[in-house]
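User: Please take a close look at one part of this model, the meeting of its two chains, and then follow the second chain onward from there. I am new to this structure, so please explain each term as you use it.

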Amino acid sequence: MRMSTLFILVTSACVIICGLLPLHARQRQGKDKATLLANAELVKKLQLTDLCLFTEARYTRHPAMADRHAPFQDHPLALEHFPSGSLVTPPHFHREGP
Amino acid sequence: MNRFLERHRNIIDFALSSLLRRKAKNISLLLVYTLIVFMVASTIFFMQALKREAALVLKEAPDIVVQRMIAGRHDLISVSYGEKIGAIRGVGEVRPRLWGYYYDPVNGVNYTLMAPFSQQPAAGSIIIGSGVARISRLSKGDFMVLRNFDGRPTLLKVERILPYSSELIAADLIIMTESDFRTFFAFPEGHATDLALTVGNRNEFTTIAAKIVQQFPDTRPILKSEILRTYDSVFDWRGGMVVVMLGVAGLSFLIFAWDKATGLSAEERKEIGILKSIGWETADVLLLKSWEGVIISLSAFLSGVILAYCHVFFFSAPLFAHALKGWAVLYPQFRLTPVINAYQLAVLFFLTVVPYSAATIIPSWWTATVDPDAAMRS
């Protein structure tokens with residue numbers, strides 16, 4: 001088999017797979033809808049405000065609820081203690097000031 | 001038409017055999033290039049999916065949360081504030097929220113303890129998130145020991161474990177009754193952590209928040225839109241994590257493109273000189289070099305995107321878990337719902353394939369336009 005034929009076949013297969021990814025995503029979105037609705041219902045019942053992504057510090061566990069001084073608990077120029085605190089920037093509305 | 005296609009196929013054949021002559025160099029180039037596309041695509045997929053999940057789930061969050069601030073810090077709020085806030089026109093329901101944190105020294109984990117208004121377990125029992133169950137190796141009916149405010153152990157029966165699918169929102173939750181919560185923390189009666197407000201008309205959120213601040217200057221109302229915006233900004237492309245990932249990928253790509261754009265190797269110049277001396281036109285040489293660039297960049301793009309999709313949506317992004325986990329022991333196990341669209345792919349394509357192909361053609365054009373003899377001698 002010519003190398004160009006092999007290249008065209010492999011590339012076409014990859015392009016087809018890439019084209020199928022949005023279809024797979026749409027199918028999974030339909031499948032996961034019930035789980036998302038159940039989670040939204042849990043958020044409503046428990047009155048939750050944040051995702052449970054970073055559990056290491058209170059201001060990264062609940063970034064939406066954190067007060068403006070939370071990352072600087074010891075003094076205003078204190079260095080950030082937690083790795084996720086340096087990955088998660090403060091919400092925009094916190095930076096706007098009172 | 002056939003002649004046109006045949007010409008391109010011949011050039012692809014030649015380009016592939018030319019690339020295979022420098023096998024080690026080109027395979028390592030392809031691997032690094034694929035890795036860069038994989039990193040950028042994984043970051044984009046992960047962030048978009050998390051943003052979507054946060055927006056869909058948190059749309060049911062309280063309309064307004066009112067906190068009390070003392071000396072710039074969040075403090076307990078008196079329930080009497082709620083009675084006065086409830087009298088503001090437009091405010092539907094005011095519910096005090098009771099929640100706090102508990103550090104488990106045995107496992108080194110931070111839990112979120114709460115006593116919700118509804119869905120409370122029986123007295124002396126708790127409902128736990130599946131992350132808590134996993135870390136503490138607990139199942140339904142087991143007893144969990146937590147030390148209360150004065151250090152005495154409290155025995156709580158696990159009534160139920162929240163479903164695994166809710167880990168992204170409730171992995172670290174321990175839900176108990178209001179009286180158990182108050183006894184456990186010696187939480188003062190008539191006080192709450194904050195207040196959750198229901199407002200009928202979403203257009204009135206800002207007005208009501210302004211009225212609350214006016215009546216109670218020591219409070220801080222947080223609107224639902226702000227909660228949603230928090231996750232939009234956390235996973236924004238300018239956000240800490242994303243900017244680090246994109247920065248690293250961008251720099252690696254710059255080194256790549258710079259290496260290509262600064263010139264060809266002596267062997268490649270010699271090859272171009274020979275091709276020109278046996279009758280290849282400058283346009284043919286450029287076509288050959290374009291195909292070489294396209295073969296490398298397109299292969300890297302396609303395999304990088306497919307691998308990134310599998311990494312994020314089939315294997316739950318294990319490479320990002322360490323970055324997100326930080327020092328936390330409890331990290332939720334969640335499977336994200338895929339989000340992918342043509343726009344994301346097009347941006348990724350133009351950011352990766354086009355610059356590389358251009359960086360390959362320019363030095364080839366310089367070499368292809370010089371005399372074949374000079375090209376071979378150089």
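Where the two chains meet

Analyst: α1(A) and α1(B) are roughly perpendicular to each other, where angles of 65 to 115 degrees count as roughly perpendicular, under 35 as roughly parallel, over 145 as roughly antiparallel and the rest as oblique. This is a predicted model, in which local features need pLDDT of at least 70 and side-chain atom pairs count only at pLDDT 80 or more, while totals for chains, interfaces and linings use all residues. Residues are numbered from 1 along each chain as its sequence is written, and chains are lettered from A and ligands numbered from 1 in the order in which they are written.

The two helices are α1 of chain A, residues 3–31, and α1 of chain B, residues 2–21, and they pack at an angle of about 95° with their axes 8 Å apart. Helices (H or I, at least four residues) and strands (E, at least two) are DSSP runs, numbered from the N terminus; axes are lines fitted to C-alpha atoms, for helices over the stretch in contact, and angles run from 0 to 180 degrees between N-to-C directions. On the α1(A) side the meeting residues are A:Met3, A:Ser4 and A:Phe7, and on the α1(B) side they are B:Arg9, B:Ile12, B:Asp13, B:Leu16 and B:Ser17, where contact means that C-beta atoms, placed from the backbone, lie within 7 Å. By class, this contact of α1(A) with α1(B) holds four nonpolar, two polar and two charged residues; Ala, Val, Leu, Ile, Met, Phe, Trp, Tyr, Cys and Pro count as nonpolar, Asp, Glu, Lys and Arg as charged, and the others, Gly among them, as polar.

Taken as a whole, the contact draws 52 residues from chain A and 66 residues from chain B. On the side of chain A that touches chain B, the elements that give two or more residues are α1, α2 (33–46), α3 (58–61), α4 (83–87) and α5 (92–95) of chain A, and α1(A) gives the most, with 14 residues. That side of chain A has 28 nonpolar, 14 polar and ten charged residues.

Onward in chain B, the domain assignment gives domain 1 (14–57 + 234–377) and domain 2 (94–199), with bounds that come from an automatic or database domain assignment. Taken over C-alpha atoms, the centres of these two domains of chain B are separated by 47 Å, and seven residues of domain 1 are in contact with ten residues of domain 2. The side of domain 1 of chain B that touches domain 2 divides into five nonpolar residues, one polar and one charged.

Chain B also has helix pairs of its own. Helix α2 (residues 23–57) of chain B packs against helix α11 (residues 282–314) of chain B at an angle of about 40°, with axes 7 Å apart, and α2(B) and α11(B) are therefore oblique to each other. The residues of this contact of α2(B) with α11(B) divide into 17 nonpolar, eight polar and no charged. Helix α10 (residues 266–277) and helix α13 (residues 342–369) of chain B have axes that come within 9 Å and cross at roughly 50°, which makes α10(B) oblique to α13(B). Their contact is made by B:Arg269, B:Ile272 and B:Lys276 of α10(B) together with B:Ser364, B:Thr367 and B:Ala368 of α13(B).

Definitions and conventions:
Two residues are in contact if their C-beta atoms, placed from the backbone, lie within 7 Å.
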